[in-house]
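This report describes one protein model for a reader who has not seen it before. The structure is shown first, and the description follows.

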Amino acid sequence: DKGVRVDSGIQSGQDVGVYYDPMICKLIVHDENREKALTKLVDALKSYQIAGVPTNIDFLIACAEHDAFQTAGAINTGFLDDHLEDVLVSCKNPEENSALSTAVGVFAMLLEMEQRVGIPSK
């Protein structure tokens, strides 16, 4: 998509060990103004597909959708100090996401152990 870039050192099929860098990829967006760029950011975050490890995508969406974050010049390095409670309330149920992430991770691990990962050759 124009104006959306994802930088990552992890490719499909690679293992992410227990000592992985928590920033497994970086999302960069730009557009002609802040409002359009933030809309693009939220849309890109909502379409992210990461399985097997917990993510903070819902948290990032809640931050980007917060009124203070939406207003140019209204945020600073104290954003979370000032608005953490609002942002956490806006996030989806973390227990539900954790259970889903765990289930997907276990399923992926089983497929890997059974060597059923990948696309069969013809």
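Two residues are in contact here when heavy atoms of theirs lie within 4.5 Å. The model is predicted.

**Overall make-up**

The protein chain holds five helices and two strands. Read from the N terminus, its elements follow the order β-β-α-α-α-α-α. Of the 122 residues in the protein chain, 20% are buried. The protein chain exposes about 9600 Å², and 54% of that area comes from carbon and sulfur atoms. Among contacts in the protein chain with a separation of 6 or more, 41% join residues that are 24 or more positions apart.

**Helix 1 and helix 2**

Helix 1 spans residues 34–47 and helix 2 spans residues 57–65; their axes come within 10 Å and cross at roughly 160°. Angles over 145 degrees count as roughly antiparallel, so helix 1 is roughly antiparallel to helix 2. The crossing of the two helices is left-handed. On the side of helix 1, the contact is made by Leu38, Leu41, Val42, Leu45 and Lys46, and on the side of helix 2 by Ile57, Leu60, Ile61, Ala64 and Glu65. Sorted by class, the residues of this contact are eight nonpolar, no polar and two charged.

**The buried residues of helix 2**

Which residues of helix 2 are buried? They are Ile57, Ile61, Ala62, Cys63 and Ala64. What do the buried residues of helix 2 pack against? They pack against helix 1, helix 3 (67–70) and helix 4 (79–90). Ile57, Ile61 and Ala64 also take part in the contact with helix 1.

**Two buried histidines**

His66 is placed in the loop between helix 2 and helix 3, and His83 is placed in helix 4. Why do these two residues count as buried? Buried means under 20% relative accessible area; His66 has 14% relative accessibility and therefore counts as buried. His83 has 18% relative accessibility, so His83 counts as buried too. The table sets out their places, values and contacts, leaving aside neighbours within four places in sequence.

| Residue | Place | Relative accessibility | In contact with |
|---|---|---|---|
| His66 | loop between helix 2 and helix 3 | 14% | Phe79, His83, Asp86 and Val87 |
| His83 | helix 4 | 18% | His66 and Ala68 |

His66 and His83 are thus listed as contacts of each other. Besides His83, the contacts of His66 include Phe79, Asp86 and Val87, while His83 is also in contact with Ala68.

Technical notes
Residues are numbered from 1 along each chain as its sequence is written. This is a predicted model: local features need pLDDT of at least 70, side-chain atom pairs count only at pLDDT 80 or more; totals for chains, interfaces and linings use all residues. Side-chain values use heavy atoms; hydrogens and water are left out. Axes are lines fitted to C-alpha atoms, for helices over the stretch in contact, and angles run from 0 to 180 degrees between N-to-C directions. Helices (H or I, at least four residues) and strands (E, at least two) are DSSP runs, numbered from the N terminus. Angles under 35 degrees count as roughly parallel, over 145 as roughly antiparallel, 65 to 115 as roughly perpendicular and the rest as oblique. A crossing is left-handed if the near helix is turned anticlockwise from the far one by less than a right angle, and right-handed if clockwise. Ala, Val, Leu, Ile, Met, Phe, Trp, Tyr, Cys and Pro count as nonpolar, Asp, Glu, Lys and Arg as charged, and the others, Gly among them, as polar. Buried means under 20% relative accessible area, exposed over 50%, partly exposed in between (1.4 Å probe, protein chains only). Accessible areas come from the Shrake-Rupley method with a 1.4 Å probe; for residues, only the protein chains shown count as cover.
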